[in-house]
Amino acid sequence: MGSEMLLNRQEFIDRVNRWATAHQAPAVTDRMLQDWNEEGVFPAGIPISGELGIPLRFYNWRHYFRALLICRLKNQGRKRFSEIRVLLWFRGIDIPGGPPRVDLVAEYKRSVKLLLRQINSTYVPMLNKHENQNRAK
């Protein structure tokens with residue numbers, strides 16, 4: 001895709017879905033693009049006036065590569081928008097509203113809980129040494 005090339009919404013979705021099919025990634029729908037835009041992980045298309053004065057959205061190569069990156073992240077099991085926003089920000093991609101501080105805190109707390117879940121399920125500090133071994137069994 002050249003820098004001057006713009007695709008309408010349907011052509012853009014078709015192109016992204018061809019890539020997704022080839023890489024066993026989830027397909028993109030019109031509704032998904034809208035959700036990504038509302039959640040701040042995908043920029044709005046470039047508005048160009050249509051025949052009736054209604055602005056149509058067009059997409060360039062930057063949109064295409066952002067959509068492919070989101071598809072890759074989803075293919076890796078990243079499902080929460082907060083996680084995707086943080087990963088995009090770590091890769092140097094601008095996120096609407098600046099750095100996703102709230103998302104960083106939420107993902108940090110979630111990671112700590114996941115790490116501690118395994119420890120907490122088998123280890124409980126007790127006076128009896130054998131109690132923890134019995135609990136682990």
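The exchange below concerns the strands, the burial and the contacts of a predicted model.

Local features in this predicted model need pLDDT of at least 70 and side-chain atom pairs count only at pLDDT 80 or more, while totals for chains, interfaces and linings use all residues. Residues are numbered from 1 along each chain as its sequence is written, and side-chain values use heavy atoms, with hydrogens and water left out.

Me: What makes up the chain, and in which order do the elements run?
Reply: The chain holds six helices and three strands. From the N terminus the order is β-α-α-β-β-α-α-α-α. Helices (H or I, at least four residues) and strands (E, at least two) are DSSP runs, numbered from the N terminus.

Me: Why are E1 and E3 called paired?
Reply: Two strands pair if DSSP finds at least two bridges between them. Strand E1 (residues 7–8) is joined to strand E3 (residues 55–59) by two bridges, so the condition is met. These two strands run antiparallel, and Leu 7 stands opposite Tyr 59 in E3.

Me: How do you know that E2 pairs with E3?
Reply: Strand E2 (residues 46–49) has four bridges to E3, and therefore satisfies the requirement of at least two. This pair also runs antiparallel. Ile 48 stands opposite Leu 56 in E3, and the bridge partner of Ser 49 is Pro 55.

Me: What is the strand order in the sheet, and why is one side of E1 and of E2 left without a neighbour?
Reply: The order in the open sheet is E1-E3-E2, with antiparallel pairing. E1 and E2 are at the edges and each has a single partner strand, so one side of each lacks a neighbour in the sheet.

Me: Why does Glu 83 count as buried?
Reply: Buried means under 20% relative accessible area, exposed over 50%, partly exposed in between (1.4 Å probe, protein chains only). Glu 83 has 13% relative accessibility, so this residue counts as buried. Glu 83 lies in helix H4 (residues 81–90). In the chain of 137 residues, 28% are buried.

Me: Which residues does Glu 83 contact, leaving aside neighbours within four places in sequence?
Reply: They are Arg 78 and Glu 107. Contact means heavy atoms within 4.5 Å. Of the contacts in the chain with a separation of 6 or more, 48% are between residues 24 or more positions apart.
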